[in-house]
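Take a moment with the sequence and the 3D view. Then read on for a short tour of the fold.

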Amino acid sequence: MTLLAGARLGWSLFDVQVLGHERFAALAEGQQERRIAIPARRGTIRDRNGVPLAVDRERYAVVLVPNHVADPGTFVRRFTEVLPHPAADLRARLARGGFYVPLRRTVDRATARRLERIPGVAIETSHRRDWPHGRLASAVLGLVSAEGRGSSGIELQVDALLRGTDGWAVHQRDAQGREYANFAYPAVEPVDGHDVWLTLDLGLQEIAEEALDQAMTETRARTGSVVIADPRTGELLAIANRPDTGPDGTRAAIRNHAVADLFEPGSTFKLVTLAGLYEEALARPDEEIFCENGTYRFAGRTKPIRDVHPYGTLTVEDVIGKSSNICTIKLARRLGDDRMFEYARRFGFGVPTGVDLPGEARGVLRLPRDWSALSAYSIAMGYEVSVTTLQLTMMFAAIANGGELLEPLLVRRVAGPEGEVLSREGPRPVRRAVSARTAELVTRALVRVVQDGTGTAADLQLLQVAGKSGTARKVREDRRGYTTDRFVSTFGGFFPAHDPRFVLVVRLDDPRGEYYGGLVAGPVFKQAVKTALFAERLPVDPGFLERIDPWRVVHAASGDDAAAAEVTTSPPPEPAPATGEPGRGGGNGLVAVPDFTAMSVREALVVASQRGLRIHVSGPGPVVGQEPAPGAAVEPGTEVFIENDGG
């Protein structure tokens, strides 16, 4: 309100300058000054090796300020020389006048810098989240809202660390409405967010997702998840989920199936039963149990228990290998309700794992007082208990590391805006689940599963793998009993069996056609482990690859088992000659770089391992470029950088 208007209302100069001084001073200040927010950069999320997984990119918007344009004709000419735009539209916007007329939501940095030199143009800078590797690990990374706050995934879980603190500065307006910074006024610089380094390994994440993609295509499962972990530290090396986009194909509304989806684990839960029996000295590995030739009736149950294959007498160790439900029930009687519950809880079931992700399901493990007379037998076989893929992974990790349950680690370290390390995470033991001796005995049984039991589809035939399959009928939608044609298929294991560096669990929900866990989830385990081995993502004895037949391995790793059998009976093909390309060297001891373009990352990893080369992966999708170029002669062990199309 102007002083002239005040005079018309009967206000005196005394009213304005004395009685209403504070009020009118505030009005004037509001008209002449404006506080401008200076956005902070959101911290970068990186994998364990420092590769950026989620970064902040500056976005530049173009705004017109018509009241600052003295000569519209000159303005239109200068503007369109930098950024093509219909001249008539520009003139119309200028004619309407004003101080804020949005024109373009996004231009590149170079264009923005040129436009801001033109009087009458203002550039607004904001930040948007960008994912250099496309949809890779999308459910783990999560989303950021338009307001710059994490809304899901790790972005939400550690939002306070990533977000930073916006700054501000005071701008003034002159009588013509022109705005400028006043450095006499206080200003606060923004404080950028912290960088967060995850335990994920980009290469293993890519391998896990490709293996899961293939399984989803072949089995037509509704959902699926794969978790890879280091059993010595609890670090999560890969978490793959499918589907990993929203219904419209975007990143919106992504569910992290590995930590949020509950399912009954079936026979993978028999590890808990076996571990409890060994720990309590209630069974011996070589003790023989009669398996009733495949059909067993006992009091309290209206229908008999049946095994998939009829067995007579099995040792306790082979009960797990052959996955006999009948003998598992007989052995579970020795534990009883309280001890069955105790060992299930020792391995972390029925409680959250504590992973640094929102939305984790705790699972279902009822107290013994709520069990029926048959609950202990059902739980021993993996029914009447619900788990997540992550909980199963930590159970296998506890067996692999000698009996210690660890909390899963996802955040490895946090670094400040200047790069200073503020925190570094290490292994977090939860409790000792079982003794080292018990863990070793269970491992022996799991090796038998893969060698000649229900998990032979996961057998690498290279060195020992420990694993266990699981197949469970799904609960009916009305919660009344189980379906007859819908299943959850799982396979979990670790590798190498007696010096484990790597734990992997696969879950496929409602596969079509074949559904036994060993047959549909076991091959996913096998494919992921082989590719990781030859990509040098698995730390094993350096002489291991030299001690095995490399030609059988390479063909097996590419999934061509028939070809592998043929190759092992004939001499290996001659390696491609080095080209001696200028600047690349040539002659003895050099190898030719293959043409990786149009290969998938998994295929490229296998072919590279055959030539003794290493690969640096830039992202998902088929390979579209590489350095060194195809045919270049390089030393064995050279790292080849491959570029992906990001699809």
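This report moves from the whole chain to one sheet, then to a disulfide and the nonpolar cores.

**The whole protein**

The model is predicted. The protein has 647 residues, and 51% of them count as buried. It contains 23 helices and 26 strands. Among contacts with a separation of 6 or more, 70% join residues 24 or more positions apart. The accessible surface comes to about 29600 Å². Carbon and sulfur atoms hold 51% of that surface.

**A five-stranded sheet**

Strands of a sheet pair through backbone hydrogen bonds, either parallel or antiparallel. Here, five strands form an open sheet in the order β10-β9-β21-β20-β19, and the pairing is antiparallel. Which strands sit at the edges? They are β10 (236-242) and β19, and each of these pairs on one side only. Neighbouring strands of this sheet are turned by 10° against each other on average, with direction ignored.

The table lists three of the pairings.

| Strand | Partner | Bridges | Residues that stand opposite |
|---|---|---|---|
| β19 (residues 466-475) | β20 | nine bridges | T471 and S489 |
| β20 | β21 (residues 502-509) | eight bridges | T490 and R507 |
| β9 (residues 223-229) | β21 | seven bridges | T223 and D509 |

Two hairpins belong to this sheet. In the hairpin of β19 and β20, six residues lie between the strands. One residue of this hairpin, R479, takes a positive phi near 65°. The other hairpin joins β20 to β21, also through six residues.

Why is strand β20 described as largely enclosed by the rest of the structure? Strand β20 covers residues 482-495, and ten of its 14 residues are buried, so the rest of the structure largely encloses it. A residue counts as buried when its relative accessible area is under 20%.

A helix also meets this sheet. Helix α16 (residues 389-400) lies across β9, β10, β19, β20 and β21. Helix α16 runs at about 150° to β21.

**The disulfide**

A disulfide is a covalent bond between the sulfur atoms of two cysteines. How many does this structure hold? It holds one. The disulfide joins C291 to C327, with an S to S distance of 2.1 Å. This pair links distant parts of the chain, 36 residues apart. C291 is in the loop between β11 (288-290) and β12 (295-296). C327 belongs to helix α14 (residues 325-346). The torsion about the S-S bond of C291 and C327 is about -120°, so the disulfide is left-handed. Are the two cysteines buried or exposed? Both C291 and C327 are buried.

**The nonpolar cores**

The largest nonpolar core has 94 residues. Which of them have the most contacts inside it? They are I154, L198, I239, F347, F349, L410 and L446. Helix α14 gives the largest share of this core, with ten residues. Another core lies apart from it and has 29 residues, among them L212, V465, A521 and L533.

L198 shows what such a position looks like in detail. Leaving aside neighbours within four places in sequence, L198 is in contact with ten residues named here: I45, R46, D47, R48, L53, L141, I154, L410, V411 and R412. Two of these partners, I154 and L410, are also in the list of core residues with the most contacts.

Technical notes: Residues are numbered from 1 along each chain as its sequence is written. This is a predicted model: local features need pLDDT of at least 70, side-chain atom pairs count only at pLDDT 80 or more; totals for chains, interfaces and linings use all residues. Side-chain values use heavy atoms; hydrogens and water are left out. Helices (H or I, at least four residues) and strands (E, at least two) are DSSP runs, numbered from the N terminus. Buried means under 20% relative accessible area, exposed over 50%, partly exposed in between (1.4 Å probe, protein chains only). Contact means heavy atoms within 4.5 Å. Accessible areas come from the Shrake-Rupley method with a 1.4 Å probe; for residues, only the protein chains shown count as cover. Two strands pair if DSSP finds at least two bridges between them. A disulfide is a pair of cysteine sulfur atoms within 2.5 Å. Axes are lines fitted to C-alpha atoms, for helices over the stretch in contact, and angles run from 0 to 180 degrees between N-to-C directions. A nonpolar core is a set of buried Ala, Val, Leu, Ile, Met, Phe, Trp, Tyr and Cys residues joined through side-chain atoms within 4.5 Å.
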